[in-house]
Amino acid sequence: MPEILTPEAVDFVTDLNRTFAPRRDELIAARAARRVELAGGRKLDFLPETASIRDAQWQVAPAPPALTDRRVEITGPTERKMAINALNSGAKVWLADLEDANTPHWHNVVSGQENLYDAVRGTIVHTSPEGKHYALRSDVRPATIVMRPRGWHLDERHLPVDGRPAVGALVDFGLYFFHNVRELLARGSGPYFYLPKMESHLEARLWNDVFTYAQERLGIPHGTIRATVLIETVPAAFEMEEILYELRDHASGLNAGRWDYLFSLIKTFRDAGEEFVLPDRNSVTMTAPFMRAYTELLVRTCHKRGAFAMGGMAAFIPNRRDPEVTAAALEKVRADKSREAGDGFDGSWVAHPDLVPVCQAVFDEVLGKRPNQLDKLRPEVRVTADQLLDVKSTPGEATFAGVRSAVDVGVRYIQSWLSGNGAAAIHNLMEDAATAEISRSQLWQWVHNGTVLSDGQVVTAALVREVLADVRSELSGDHLDAACELFEQVALDDHFVDFLTLPAYDKID
């Protein structure tokens, strides 16, 4: 295994933290201040002070060759076997996930960097306990690696800097960039990143300054880094152009997600009344009016600025023992990807190698020999703040089945996360932390709004606890008690914790 925590690498990460951690702290405080303003009646809207940026003519930097064709991207953690399967999958890009699909046990953090080190160099191999050997295939072009570090809100206590935990994002970025940038460039690729959980263009500005500083420190040409931003918070949806502008020398595109975006909507407007209460999570599809406005705006914004628009996750895991269920699910995946390709997205995500051909076929049909559809500008799209916030028009209802599903999936995922596995297969879906976030936040919202279910029951804390006890009786395994306790806390406490991974982090090594 390569040595990751060399003195030089740790010095680099320490320098990044000393330079940028104070600004990170200020931006996290700014998030809380904005939440207070929204709770006091302020309405989210496009920023008047940045109108000149939205009105001006500018473009992001042209994409490097390794990122011009992104029609299929596979996501997954940096666990060794899954990394090899992702690289071999035929996808154009592998989102190597050190964030929502990774439990930040210190072992996972360091071994993930070790696996990325070997993946970059094409030397990654693995032999399972059963003796099965995994290696990179010679007949498939390995997927381009785009690494997702942790969000700004998470710390890393195992690398303290001046007596304080380091910023998790700077640890993940710093170690990967320090060890791999020159090797990536020598191989015709580069240091490419997905940036999660941002809520403002000022947070994008911080990332841009980190990139500039890191490149200067290691003597790498400015603009070598490329970043794709996940627009997975509602505040960020109102600042898409500004986010691209701040990162314009390093920007590659924006991504439209689903669960994190819905979680952010609930979190942002959790005390705004019934107008923002969502029905069962599975009934809130990307065709709901407010989700449609969000994705249409994202495509238009990206292509107006020369950036890629990346579609959301197909999380289904094909079940070869149940061909009927698999066929029905694949048809839904195909329809979802067809909508995205037709809307102008340049590519989309899948969570399993068996979905790569499905997604590729859909985008091949639209793109043909073109690598992307940046030329599809969508000038007819006009999205207002009211459309982005039109939650009340969402079809569907809250049901008891929805309550039970939220508890069941949420507890199962947290149990998996505490066990060290942040990418969990649950009921034929690949779930990550966003799954548990939407599950617990939806229950919190229903309880605090006295939501009436389709069968006439009112959602109360007592009802949720009753369902939790029932679910608990059907499960077993390590960390079950801790998972139930944590789920109850983040779903029912009057204080809404910003991210369940914050209290969860205190429960792991």
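**Notebook: helix packing, active-site residues, cysteines**

I began with a helix pair: the axes of α9 (residues 259-268) and α15 (residues 433-448) come within 9 Å and cross at roughly 30°. That makes α9 roughly parallel to α15, because angles under 35 degrees count as such. I noted the hand of the crossing as left-handed. I should record here that the model is predicted.

Next I listed the residues at this contact. From α9 I found Trp-259, Asp-260, Leu-262, Phe-263 and Ile-266. They meet Ala-434, Thr-435, Glu-437, Ile-438, Arg-440, Ser-441, Gln-442 and Gln-445 in α15.

**Second helix pair**

I then turned to α5 (residues 168-186) and α6 (residues 201-218). Their axes are 11 Å apart, and the packing angle is about 35°. This crossing is right-handed. On the α5 side I wrote down Ala-169, Leu-170, Phe-173, Phe-177, Phe-178, Val-181 and Arg-182. Their partners in α6 are Trp-207, Val-210, Phe-211, Ala-214, Gln-215 and Leu-218.

**Active-site annotation**

Which residues does the UniProt annotation "active site" cover? The unreviewed entry gives Arg-148 and Asp-432. They are spread over 285 residues of sequence, yet they cluster in space, with a largest C-alpha distance of 13.4 Å.

I looked at Arg-148 first. Arg-148 sits in strand β5 (residues 144-148). Buried or exposed, I asked of Arg-148? Arg-148 counts as buried, because its relative accessibility is 5% and the limit for buried is under 20%. Leaving out residues up to four places away in sequence, I found that Arg-148 touches Leu-95, Ala-96, Asp-97, Leu-98, Glu-99 and Asp-100, among others. Its list also includes Tyr-194, Pro-196, Leu-230 and Trp-349. Asp-432 is on the list too, so the two annotated residues are in contact, that is, they have heavy atoms within 4.5 Å.

Asp-432 came next. Asp-432 lies in the loop between β14 (429-431) and α15. α15 is the helix I had already paired with α9. At 18% relative accessibility, Asp-432 also counts as buried. Apart from neighbours within four places in sequence, Asp-432 is in contact with Asp-100, Ala-101, Arg-148, Tyr-413 and Gly-422. I marked Asp-100, which appears in the contacts of Arg-148 and in those of Asp-432.

**Two strand residues**

I picked Asn-255, in strand β10 (residues 251-256). Asn-255 is buried, with a relative accessible area of 1%. Beyond four places in sequence, the contacts of Asn-255 include Tyr-194, Thr-228, Val-229, Leu-230 and Ile-231. I also logged Tyr-294, Leu-298, Met-310, Gly-311 and Trp-349 for Asn-255. Tyr-194, Leu-230 and Trp-349 were familiar from the Arg-148 list.

From there I followed the contact to Gly-311, which is in strand β11 (residues 308-314). Gly-311 is buried as well, at 0% relative accessibility. Outside four places in sequence, Gly-311 touches Asn-255, Ala-256, Glu-340, Phe-345, Gly-347, Ser-348 and Trp-349. I also checked Gly-311 against Leu-429: 118 residues apart along the chain, their C-alpha atoms are separated by 18 Å.

**C-terminal domain**

UniProt, again in an unreviewed entry, places "domain: Malate synthase C-terminal" at residues 398-508. I computed 60% helix and 5% strand for this span, with its end C-alpha atoms 34 Å apart.

Within this span I checked Arg-412, in helix α14 (residues 400-418). Buried or exposed, I asked of Arg-412? Neither label fits, because a relative accessible area of 29% makes Arg-412 partly exposed. Leaving out residues up to four places away, Arg-412 touches Ile-426, His-427 and Leu-475. Its C-alpha atom is 9.6 Å from that of Ala-425, 13 residues apart along the chain.

**Cysteines**

How many disulfides does the structure hold? I found zero. Why is Cys-302 not in one? The closest cysteine sulfur, in Cys-359, is 17 Å away, too far for a bond, since a disulfide needs sulfur atoms within 2.5 Å. Cys-359 is likewise in no disulfide, with the sulfur of Cys-302 as its nearest. Cys-302 is buried at a relative accessible area of 0%. I noted 0% for Cys-359 too, which is also buried.

Terms used:
Residues are numbered from 1 along each chain as its sequence is written. This is a predicted model: local features need pLDDT of at least 70, side-chain atom pairs count only at pLDDT 80 or more; totals for chains, interfaces and linings use all residues. Side-chain values use heavy atoms; hydrogens and water are left out. Buried means under 20% relative accessible area, exposed over 50%, partly exposed in between (1.4 Å probe, protein chains only). UniProt positions are given in the numbering used here, feature names are shortened, and annotations may be inferred rather than shown by experiment. Helices (H or I, at least four residues) and strands (E, at least two) are DSSP runs, numbered from the N terminus. Axes are lines fitted to C-alpha atoms, for helices over the stretch in contact, and angles run from 0 to 180 degrees between N-to-C directions. Angles under 35 degrees count as roughly parallel, over 145 as roughly antiparallel, 65 to 115 as roughly perpendicular and the rest as oblique. A crossing is left-handed if the near helix is turned anticlockwise from the far one by less than a right angle, and right-handed if clockwise.
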